[in-house]
Structure formats: structure tokens, C-alpha cells
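Hi,

Here is the structure I promised to pass on. Have a look at it first, and my notes on what turned up follow right below.

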Amino acid sequence: MKILGKYLGNVVNIEKFENKDGKYYAYAKISPFYPDWKGGQLGDRGFINGAKVLSVKETEEWIIHELDKPIELGIYEVQIDENRRKDIAQQHTGQHILSAAFIHVAEIETVGFHMGEEYSTIDLDIPYIEPDVLNEVEELSNQIIQSNIQIEEIITDVNGANTYPLRKKLSDKIKEEVRLIKIGDFDISACGGFHTDYTGEVGLIKIIDTEKVKGNLTRVYAVSGMRALKYFQKYNSVLKDLSKLLTSSIDELNLRTQKLLNQVREQALTLSKLSEEYAKLLATNLQKEGLIYLEGYYEVGNFLWKILDLSNAIFVYFDGEKYIIASKKHNVKDVIKALVENYGGKGGGKEDFGNYMNNKKLSVDDFEKILED
Ligand SMILES: [Zn+2]
């Protein structure tokens, strides 16, 4: 792995310790733990004297290790999670390859990079990318991986760095040593993060999504290495489950799902029409005064209260879960308020319509009593 010298040690000198709000912080002037988000990269994890490192923060003066338990001041040998480093190196090298491929294929520049625990993103200086371009970039990236090019680490200074055809101009902040990561003739750029020794170790790069961000940039989501394999395993398993559930081959899943959705829409429409017709039929036999109490499907009740003449009546409809209450004679808002006061439950509504819910079912008499009061 290509790792800067200062992160290759295995010793840390804890010179200051802090216990703040139940969290433990160990301070060192220098540390082999790579800080979180430095250069857009994930930070190191591991152990210091048996205490688990939860986060690593770099300030001007200190490297601050957040630990899961307190430790004494002193010099310790540390254990760094090497599998995580390998994953970070795969994602970082993958990002260099992907960013360079966007230049080679379509002259699209990377203006931002972020490595997450699940995927990495690069922000590209373009508002939209054609799917064909994405495919070509993905193919070129994976060809570079398969060519297994040796990756070189060049340590130089600003003047030395500027003699190379750098993908991105050096930041003005860099004054002293410059570390270049060179992938054959394909890419060379300044970077302080972890990288693999050969492109082949990246294994696979897969673009998983794109999104327009900040008005005129495209964010590309990608996974490399073992993450790409895990991504493929997960999606393959979901697709297989779906194809079994829908009794369709994976190629025909789209069509099959579309068909099912259309069916559901049509059935919902039929159900709504039937409920309306049934409600009209019920309405012809209902009284015109006093309390009209009915039970049944919500859809039917919801049609009924709209077509009934309720100028001298109050309509109460129970669908097994909640009550529809409607009236032009009584103020429904007040009725629901009285129901809640007398029997508990909750509800709300307007002057002529509302909903009421109660864990226990009320009797017709219960409603009569409220209306009498
Ligand atoms: Zn890098």
C-alpha cells in the first residue's frame, strides 16, 4: 500500500487527556492514525492500549483520538485496522482512476471528492452527463484496473511537481513537500491519502448513481474493490427475491411490475365506483332525521356523507377503526370535542365533517347521550 511515512509508525505519545460529556479524548502532537476527512478521505480506526478509536480529528496543534474508555498519559504501541486501510486505498485509487477517466473520455473535471463508509462521491464540473458517457468512463476505468499498472509515489517540491502534467493545479496552500500519485501515463495528481500499489488491486469500479448538485455540478456515486462486490451481491439478492415474488425473469421485471401497478390502479378505480354505487343504493333507504348510525367500509361511508341530506340529521359511520361524523344540524367540531371529553380517544374536524378514533367501540346509545347533552 502507498501510505505517507508519517502514518506508517505504530507508536503514539498521549500528552493530554480529556473526559468531556462522557466522551474520552486522547491528544498527541503526531499520530499514525490518519485524521477523518483529511483530503476527503475516511480516517483510521484501531486501538490505543486496548481503547477503541472512535474518531480522529486534526487541529493545528493536536491529533485528537476519541476513545471508548479512558487511558493514562504515556507512550503506546497502537493497532491500526489494516483491512479498513486496504478498503480506503481501494476507494481512493478508484477515485483517481474515475476522475482521470472523465477527463480522458469527455474532458470533464472533478471539483470535489468525498469518501463515505458506504460509497464515495466525486463532484464534476458539468450539470448533466449522458448515460453513454458514464458507461464509457466506467469501461475505461475498469480497463485501467485490468491492465494492472504499477502506481508510483513521487515525493518532490512545488517546482518539481509543476514539471509533471498534473490533472489538477496544485493548491496554493502547499508550500513544502508535494506527494504525487502517478498511474502510468494515465494520471498524475497530488494527494496525501492511501493508495494501492497496482491498479489491479482496486478490483472493480462501479458507478452506482448520479445527481445534480449545487445548481451546476453532477455528483457521481461510486464503489470500488470489495465494496463493489458487496454492492453486486446485495443487488443480485434483492433482484432474485423480487423475480421470485413476481414470478418473472429479471429481464422482464420492469414490464411485470408496470403491469401489476396498472392492475392495482384499475382495481382501485373499480372499487371506488362500486363504493359510490353502493353508497347511493344505501342512501335511498336511510332516515332523514336524527342519528343515522352505520358500519362498513370506509370508502362507502366517505361517499355517503357527501350525498345525504344532513340538514336535520347527524351521520355516524364506523369502519372498524375510526368514525366518520358529518352533519348540517350539529356542529361536528363540538360533537367530537364532547366525545373526547366523555369517552377519551382523539379526533378533529370542521363544522360539518370530522373523524374520531377510540380504542374501545362506542354504542349507538353513547352517541345519543352526547347529542342529547
Ligand atoms: Zn488520492
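Helix H7 (residues 332-343) and helix H8 (residues 364-372) pack at about 115°, and their axes lie 10 Å apart. The crossing in which H7 passes H8 is right-handed. On the H7 side, the contact is made by Val-335, Ala-338, Leu-339, Asn-342 and Tyr-343, and on the H8 side by Asp-366, Phe-367, Lys-369, Ile-370 and Leu-371. Sorted by class, that contact of H7 with H8 has 7 nonpolar, 1 polar and 2 charged residues. Before you read too much into any of this, keep in mind that the model is predicted.

Strands S18 (residues 346-349) and S19 (residues 353-357) pair in the antiparallel sense, over 4 bridges. The two strands form a hairpin, with 3 residues between them. If you want a spot to click on, Gly-349 has Gly-354 in S19 as its bridge partner.

Zooming out for a moment: the protein has 8 helices and 19 strands. Its radius of gyration is 33 Å, whereas a compact globule of 373 residues would come out near 21 Å. The C-alpha trace spans about 95 × 55 × 40 Å along the principal axes.

Now the sheets. One of them is open and has 7 strands, in the order S1-S7-S4-S5-S6-S3-S2, with antiparallel pairing. At its edges you'll find strand S1 (11-14) and strand S2 (16-20), each of which pairs on one side only. Neighbouring strands in this sheet are turned against each other by 35° on average, ignoring direction. Inside that order, strand S4 (residues 46-48) and strand S5 (residues 51-58) run antiparallel and are joined by 3 bridges. One bridge to look up there is that of Ile-48, whose partner in S5 is Ala-51.

Another open sheet is made of 4 strands in the order S8-S9-S14-S13, and its pairing is antiparallel too. Why is one side of S8 and of S13 left without a neighbour in the sheet? Strand S8 (110-115) and strand S13 (205-213) stand at the edges, and each has a single partner strand, so there is nothing in the sheet on the other side. The average turn between neighbouring strands of this sheet is 20°, again with direction ignored. Strand S9 (residues 120-124) pairs with strand S14 (residues 217-224) over 5 bridges, in the antiparallel sense. In that pairing, Ser-120 has Ala-222 of S14 as its bridge partner. Helix H4 (residues 225-245) packs on the sheet and touches S13 and S14, with its direction at about 90° to that of S14.

Back to helix pairs, which I know you'll want to see side by side. As a reminder, two packed helices are described by the angle between their axes and the distance between the axes.

Helix H1 (residues 82-106) and helix H2 (residues 131-146) have axes that come within 9 Å and cross at roughly 125°. That angle makes H1 oblique to H2. H1 and H2 cross in the right-handed sense. From H1, the contact takes in Ile-97, Leu-98, Ala-101, Phe-102, His-104, Val-105 and Ala-106, while H2 brings Val-133, Leu-134, Glu-136, Val-137, Leu-140, Ser-141, Ile-144 and Ile-145. The residues of this H1 and H2 contact divide into 12 nonpolar, 2 polar and 1 charged.

For helix H5 (residues 253-284) and helix H6 (residues 298-307), the axes come within 8 Å, and the crossing is at roughly 50°. H5 and H6 are therefore oblique to each other. H5 passes H6 in a right-handed crossing. The H5 residues that meet H6 are Ser-272, Ser-275, Glu-276, Tyr-278, Ala-279, Lys-280, Leu-282 and Ala-283, and their counterparts in H6 are Glu-299, Val-300, Phe-303, Leu-304 and Ile-307. By class, the contact of H5 with H6 comes to 8 nonpolar, 2 polar and 3 charged residues.

That's what I have for now. Over to you!

Cheers

Note on methods. Residues are numbered from 1 along each chain as its sequence is written. This is a predicted model: local features need pLDDT of at least 70, side-chain atom pairs count only at pLDDT 80 or more; totals for chains, interfaces and linings use all residues. Side-chain values use heavy atoms; hydrogens and water are left out. Two strands pair if DSSP finds at least two bridges between them. Axes are lines fitted to C-alpha atoms, for helices over the stretch in contact, and angles run from 0 to 180 degrees between N-to-C directions. Contact means heavy atoms within 4.5 Å. Angles under 35 degrees count as roughly parallel, over 145 as roughly antiparallel, 65 to 115 as roughly perpendicular and the rest as oblique. A crossing is left-handed if the near helix is turned anticlockwise from the far one by less than a right angle, and right-handed if clockwise. Ala, Val, Leu, Ile, Met, Phe, Trp, Tyr, Cys and Pro count as nonpolar, Asp, Glu, Lys and Arg as charged, and the others, Gly among them, as polar. The radius of gyration is taken over C-alpha atoms; the globule rule is 2.2 Å times the number of residues to the power 0.38.
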